[in-house]
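Please find below my notes on the model, set out as numbered points. They take the sheets in turn, then a loop residue and a pocket.

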Amino acid sequence: MHLIIKATGAGAGMLSHLLAKNPHNLYDRSDKEARVRIVFTTASDEETEAVIYVTPDPIALVKGNASHNDITQYINDREFVTSSRFCSYIRPALGTALNGKPKEAILPWVDHKFQLELSFGPVASNLPDHTIEELFHALGYKLELERGDAVYSFDLKSRSFARYIKLRGEQTLQTALRQLFILIPALDDDKHYFISDDEIEKIKRYGEGWLDRHPLRALILKRSLRFANLIKQFDGDEPDSFSEKVPVTPAEISAEPKVRLNDLRYAAIAKVVEGMDFKSSIVDFGSGEGKLSARLGSVPGVKQIWAVEPSANSQLRAMDRFSKLEDRAGVTVPTPVTGSLFYFDESLRNKDIMILCEVIEHIDEFRLTRVMETILAEYCPKVLILTTPNKEYNEVYEMDSEEMRHGDHRFEWGRAEFSAWCNLWTSSFDYSVNFKGIGEASDTFGYPTQMAIFSRKETL
């Protein structure tokens with residue numbers, strides 16, 4: 001993770017004074033979480049360049065993190081990407097420039113607009129290229145995006161979230177840094193700290209003079225503050241209570257739904273299962289923390305439920321949830337199973353119902369063929385229930401055309417794409433398929449979630 005600040009033209013040499021760093025010395029500081037180094041690769045009156053490089057302690061990144069209990073905490077990009085962590089690491093070193101309080105003799109240069117080139121990365125952002133361009137073009141910067149030198153044998157690089165960003169424009173150093181300290185965390189969209197009222201004050205301070213006029217202000221606030229009550233507070237509409245902090249889309253800020261879409265999915269799946277003639281045995285693939293599996297345990301006629309999940313952390317939470325069902329009369333307690341769609345489990349063959357609730361969009365499209373072949377040809381459930389987001393409905397959420405609902409989604413399909421894909425499997429295997437919608441319908445865009453119900457023809 002790095003940030004390169006380059007000033008050119010008359011007065012460029014004042015960059016080091018505004019940063020309060022001697023260009024002839026290496027700045028090298030370490031704390032318990034990261035090592036921060038600043039080196040000037042060139043320092044003259046016409047061109048000055050400072051390279052800020054951070055090396056986090058990979059153990060400190062996960063030490064004491066109670067949200068993870070398995071090896072997945074060590075498999076992430078946080079050690080490498082320029083994110084909110086990076087900003088927190090370098091803030092002490094750049095405090096003089098951010099606050100605009102250099103030595104008195106340098107004060108007139110605080111408001112001087114330099115010809116700046118700002119390079120940073122890699123940034124792991126789920127925003128499409130054109131949205132990133134709009135974020136910075138609105139501030140007067142010219143922008144270049146690069147995806148590195150990696151070579152793949154299939155089309156993946158162009159879709160990679162990891163990008164390097166280079167900005168060129170005329171701006172004061174203080175304003176440029178304050179813009180980056182808001183936009184870098186908004187790009188990454190993965191805050192490593194609790195978002196509180198202090199974050200509001202920081203964004204107001206750093207956003208003064210430019211954020212209110214930005215055409216993507218709503219998107220920036222959504223990805224920076226995340227919670228409807230904090231966004232309202234930022235705009236001066238302080239809520240009565242801060243006890244509930246629920247992430248929302250911009251469209252939901254003014255009218256939050258009374259029922260969460262996830263709950264509607266579970267209710268819709270349970271209703272389909274209730275109406276099945278065959279429902280004694282159920283496999284819930286990608287069961288996560290076991291919410292759907294636990295709900296299906298109360299459906300009359302369900303005798304066995306296998307909650308299959310690869311994450312040990314999620315399984316632990318599911319087991320805790322299942323343990324609370326053990327004393328309830330008439331409730332089937334699900335059996336947790338550590339497994340994956342990519343590892344065949346003989347014990348899960350020939351069950352009545354198999355469910356993939358919001359699972360397929362987390363799988364690379366080129367791998368889906370093998371997944372469906374395994375399910376329909378080897379597991380052979382009597383009924384297969386799939387749910388997945390309806391990409392068309394993202395318009396209702398005021399999302400960008402290329403933006404996805406979750407950072408881990410590999411794709412999202414509209415109704416025609418999903419229907420064509422499902423019908424492809426009915427022509428190859430002895431199944432029929434019916435479609436349903438879940439959630440609040442739009443006359444133009446359909447339902448937010450689409451459901452496909454595959455039935456093996458011999459059981460009809």
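1. Helix α14, residues 415-428, lies across β12, β13 and β14. Its direction is at about 160° to that of β13. The model is a predicted one, and the points that follow should be read with that in mind.

2. The sheet under this helix should be described next. It is an open sheet of 7 strands with mixed pairing, in the order β10-β9-β8-β11-β12-β14-β13. The edge positions are taken by β10 (335-338) and β13 (431-438); each has a single partner strand, so one side of each has no neighbour in the sheet. Neighbouring strands are turned against each other by 20° on average, with direction ignored.

3. Within this sheet, β11 (residues 353-357) and β12 (residues 383-389) run parallel and are joined by 5 bridges. Cys-357 is placed opposite Thr-387 of β12. Helix α13, residues 365-379, lies across β8 (281-285), β11, β12, β13 and β14 (449-456), and runs at about 165° to β12.

4. Is Val-359, in the loop between β11 and α13, buried or exposed? The relative accessible area of Val-359 is 12%, and buried means under 20%, so this loop residue counts as buried. Leaving aside residues up to four places away in sequence, Val-359 touches Phe-285, Gly-286, Leu-341 and Thr-387. Thr-387 is also the residue that stands opposite Cys-357. The C-alpha atoms of Val-359 and Leu-386 are 8.0 Å apart, although 27 residues separate the two along the chain.

5. A further open sheet is also built from 7 strands, in the order β2-β3-β4-β1-β5-β7-β6, and its pairing is antiparallel. Here β2 (27-30) and β6 (142-146) stand at the edges; since each has a single partner strand, one side of each is left without a neighbour in the sheet. From one strand to the next, the twist averages 10°.

6. Strand β5, residues 114-124, deserves its own entry. Of its 11 residues, 10 are buried, so that the strand is mostly covered by the cut-off of under 20% relative accessible area. β5 is joined to β1 (residues 2-8) by 7 bridges in an antiparallel arrangement. In this pair, His-2 stands opposite Gly-121, and Thr-8 stands opposite Gln-115. β5 also pairs with β7 (residues 162-171), again in the antiparallel sense, over 9 bridges. Gln-115 has Glu-170 as its bridge partner in β7, in addition to facing Thr-8 of β1.

7. Two helices should be mentioned together with this sheet. Helix α6 (residues 173-188) lies across β1, β5 and β7, at about 15° to β5. α5 lies across β5, β6 and β7, and runs at about 150° to β6.

8. The second largest pocket holds about 200 Å³ of space. It is lined by 13 residues, and those closest to its centre are Leu-216, Leu-219, Glu-398, Asp-400 and Glu-403. Two elements, α5 (129-137) and α8 (217-225), each give two or more residues to the lining. The most comes from α8, with 3 residues. By class, the lining has 7 nonpolar, 1 polar and 5 charged residues. α5 thus belongs in two entries of this note: the pocket lining and the helices that lie across β5, β6 and β7.

Conventions. Residues numbered from 1 in each chain as written. Predicted model: local features only at pLDDT ≥ 70, side-chain atom pairs only at ≥ 80, totals over all residues. Heavy atoms only, no water. 1 Å grid on protein atoms, 1.4 Å probe; cavity = no way out; pocket = protein on both sides within 12 Å on 5 of 7 lines; lining within 4 Å. Points joined across faces, edges and corners; volume = space filled by probe spheres on them. Helix = DSSP H or I, 4+ residues; strand = E, 2+ residues; numbered from the N terminus. Nonpolar A, V, L, I, M, F, W, Y, C, P; charged D, E, K, R; others polar. Buried < 20%, exposed > 50% of the residue type's maximum accessible area, 1.4 Å probe, protein only. Pairing = 2+ DSSP bridges. Axes fitted to C-alpha atoms, helices over the stretch in contact; angles between N-to-C directions. Contact = heavy atoms within 4.5 Å.
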